[in-house]
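Visitor: I have a model open and would like to learn how to read the charged pairs and the backbone angles in it. Could you walk me through them?

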Amino acid sequence: QVQLVESGGGLVQAGGSLRLSCAASRLTISNYAMGWFRQAPGKEREFVGAIRWTGGNTYYADSVKGRFTISRENAKNTVYLHMNSLKPEDTAVYYCAAYPYGSTWYSNFNDEKRYNYWGQGTQVTVSS
């Protein structure tokens, strides 16, 4: 069974940085793209960013563009979300998810319904 395990969340002051990790197991990475989503209290889950395992194409939500970066380490089956210049409004539970890669991904990378597998989430809290 596919497993996605996030780690790296925590409490950080505004302006600080965190790096989240998402380790994938029992997943043929070349067949998937990976997304990061987040859900703040009382709000719907929203897209943060996404990356192809092969090729490394990345896409970001406007709210995090220029502050967040996604990278991958294929040898470790791990995707990272590097978060800089954090703001209190970035406070949320962050999830990684896997999308069975195909041509449709380029049109649907921000659609959570397209992602088949999800991690358990990791809490990020940014204090002002």
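Guide: Gladly. Let us begin with one pair: Asp 90 and Arg 38 form a salt bridge, with the closest N and O atoms 2.9 Å apart. Arg 38 sits in strand β4 and Asp 90 in the loop between β8 (78-83) and β9 (92-100), so the pair ties together parts that are 52 residues apart in sequence. Please keep in mind that this is a predicted model.

Visitor: What is the general idea behind such a pair?

Guide: Side chains of opposite charge can pair when their charged atoms come close. The structure holds 7 salt bridges, and we can look at a few of them.

Visitor: Are Asp 90 and Arg 38 buried or exposed?

Guide: Both are buried. Arg 38 has a relative accessibility of 5%, and Asp 90 has a relative accessible area of 1%. Each counts as buried because the cut-off is under 20%.

Visitor: Which side chains make polar contacts with the side chain of Arg 38?

Guide: Two to look at are Asp 90 and Tyr 94. The side chains of Arg 38 and Asp 90 are joined by a polar contact of 2.9 Å, and the side chain of Tyr 94 also makes a polar contact with that of Arg 38, at 2.9 Å. On your screen, start from strand β4, residues 32-39, where Arg 38 is placed.

Visitor: What else does Arg 38 touch, leaving out residues up to four places away in sequence?

Guide: Its contacts include Glu 44, Arg 45, Glu 46 and Val 48, then Ser 63, Val 64 and Phe 68. Glu 89, Asp 90, Ala 92, Val 93 and Tyr 94 are also among them.

Visitor: Which other arginine forms a salt bridge with Asp 90?

Guide: Asp 90 forms one with Arg 67, and here the closest N and O atoms are 2.7 Å apart. This pair links distant parts of the chain: Asp 90 is in the loop between β8 and β9, while Arg 67 is in the loop between β6 (58-60) and β7 (68-73), 23 residues apart. Arg 67 counts as buried, at 10% relative accessibility.

Visitor: Which residues are linked in a network of salt bridges?

Guide: Arg 38, Glu 46, Arg 67 and Asp 90 are linked in this way. Try displaying those four side chains together.

Visitor: Which residue forms a salt bridge with Arg 45?

Guide: That is Glu 112, with the closest N and O atoms 3.0 Å apart. Glu 112 lies in the loop between α1 (105-108) and β10 (117-118), and Arg 45 in the loop between β4 and β5 (46-52), so this bridge ties together parts that are 67 residues apart in sequence. Glu 112 is partly exposed, with a relative accessible area of 26%, and Arg 45 is partly exposed at 26% as well.

Visitor: Now the backbone. How should I read the sign of phi?

Guide: Most residues other than glycine have a negative phi. A positive value in Arg 26 is therefore worth a look against that general rule: its phi is near 55 degrees. Arg 26 is placed in the loop between β3 (18-25) and β4, and it counts as exposed at 56% relative accessibility.

Visitor: What is the phi of Asn 77, and where is this residue found?

Guide: Phi of Asn 77 is near 50 degrees, again a positive value in a residue other than glycine. Asn 77 is found in the loop between β7 and β8. With a relative accessible area of 19%, Asn 77 is buried, because buried means under 20%.

Notes: Residues numbered from 1 in each chain as written. Predicted model: local features only at pLDDT ≥ 70, side-chain atom pairs only at ≥ 80, totals over all residues. Heavy atoms only, no water. Helix = DSSP H or I, 4+ residues; strand = E, 2+ residues; numbered from the N terminus. Buried < 20%, exposed > 50% of the residue type's maximum accessible area, 1.4 Å probe, protein only. Polar contact = N/O pair within 3.5 Å; in protein donor to acceptor, adjacent residues only side chain to side chain. Contact = heavy atoms within 4.5 Å. Salt bridge = Lys/Arg side-chain N within 4 Å of Asp/Glu carboxyl O.
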